[in-house]
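This briefing goes through one protein chain, moving from single residues to whole elements. Please keep the sequence and the coordinates open while reading.

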Amino acid sequence: MITITPEANKHLSGILKNSPEFQGVLLSVKGGGCSGFSYVWSLAEEEDKAAERIPLEIGTLFVDPLAVMFVTGTTIDYREDIMGSLLKIDNPNAKSMCGCGESFSF
């Protein structure tokens with residue numbers, strides 16, 4: 001369903017290691033942004049029984065059930081450069097993306 005690079009796994013696991021009160025990271029999609037839809041990241045206190053679950057080194061990546069159709073086949077990578085760091089989402093379902101990669105059209 002989703003591929004997580006070792007760099008992204010390490011980054012997300014590091015967030016959860018420093019936040020032991022959370023079970024995982026939740027990836028959702030909402031309407032908005034300059035291209036129509038945007039990715040939303042949040043920490044999850046409890047395991048969502050309906051969400052897709054992808055194990056991380058520490059904790060779990062939960063995918064909101066309403067987001068599954070938008071992110072199936074996606075690769076999540078973590079990158080650091082002179083401009084900062086980001087979780088890069090390579091989504092083959094996106095018809096177009098905004099310049100910053102935060103929003104997409106479907």
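P92 touches T72, G73 and T74, leaving aside residues up to four places away in sequence. The residue sits in the loop between β7 and β8 (96-97), in a model that is predicted. The points below cover P92 further, then the chain as a whole, its helix α1, its strand pairs and its core.

**P92 and its surroundings**
- P92 counts as exposed because its relative accessibility is 57%, and the cut-off for exposed is over 50%.
- P92 and F70 are 22 residues apart along the chain, and 9.3 Å separates their C-alpha atoms.

**The chain as a whole**
- The chain holds two helices and nine strands.
- Read from the N terminus, the order of elements is β-α-β-β-β-β-α-β-β-β-β.
- Of the 106 residues in the chain, 39% are buried.
- Among contacts with a separation of 6 or more, 52% are between residues 24 or more positions apart.
- About 6200 Å² of the chain is exposed, and 52% of that area comes from carbon and sulfur atoms.

**Helix α1**
- Helix α1 covers residues 6-17, and its twelve residues should span 16 Å at 1.5 Å a residue; the end C-alpha atoms are 16 Å apart, which agrees.
- Which residues of α1 are buried? They are A8, N9, L12, S13 and L16.
- These buried residues lie on the same side of α1, because they cover an arc of only 125° around the axis.
- P6, K10 and K17 are exposed on the other side of α1.

**Strand β2 and its partners**
- Strand β2 is largely enclosed by the rest of the structure, because six of its eight residues are buried.
- β2 and strand β3 (residues 37-44) run antiparallel and are joined by eight bridges.
- Within this pairing, L26 has S42 of β3 as its bridge partner.
- β2 and β5 run parallel, with four bridges between them.
- Here G24 has T60 of β5 as its bridge partner.
- S28 belongs to strand β2, and its relative accessibility of 13% makes it count as buried.
- Contacts of S28 beyond four places in sequence are with S38, Y39, V40, D64 and A67.

**The β4-β5 hairpin and L56**
- Strand β4 (residues 52-55) pairs with strand β5 (residues 60-63) in the antiparallel sense, over four bridges.
- Across this pairing, R53 is opposite F62 in β5.
- Four residues lie between β4 and β5 in the hairpin, and G59 in the turn has a positive phi of about 85°.
- L56 is located in the loop between β4 and β5.
- Is L56 buried or exposed? With 10% relative accessibility, L56 counts as buried, since the cut-off for buried is under 20%.
- Leaving aside residues up to four places away in sequence, L56 touches I4, N9, L12, S13, L16 and L61.
- One of these contacts is L16; L56 and L16 are 40 residues apart in sequence, while their C-alpha atoms are 9.6 Å apart in space.
- N9, L12, S13 and L16 are among the buried residues of α1, and they are also among the residues that L56 touches.

**The β6-β7 hairpin**
- β6 pairs with strand β7 (residues 84-90) in the antiparallel sense, over seven bridges.
- Two residues link β6 to β7 in a hairpin.
- I76 has I89 of β7 as its bridge partner.

**The largest nonpolar core**
- The largest nonpolar core has 20 residues, and those touching the most other members are I2, I4, L27, L61, V63, V71 and I76.
- Two or more residues of this core come from each of β1 (2-4), α1, β2 (24-31), β5, α2 (68-71) and β6 (74-81).
- What does I76 touch beyond four places in sequence? The residues are I2, T3, I4, T5, A8, L27, W41, L61, L87, K88 and I89.
- I89 thus appears as a contact of I76 and also as the bridge partner of I76 in β7.

Notes: Residues numbered from 1 in each chain as written. Predicted model: local features only at pLDDT ≥ 70, side-chain atom pairs only at ≥ 80, totals over all residues. Heavy atoms only, no water. Expected span 1.5 Å × (residues − 1). Buried < 20%, exposed > 50% of the residue type's maximum accessible area, 1.4 Å probe, protein only. Arc of directions from axis to C-beta. Pairing = 2+ DSSP bridges. Contact = heavy atoms within 4.5 Å. Areas by Shrake-Rupley, 256 points an atom, 1.4 Å probe, with all protein chains shown as cover. Core = buried A, V, L, I, M, F, W, Y, C linked by side-chain atoms within 4.5 Å.
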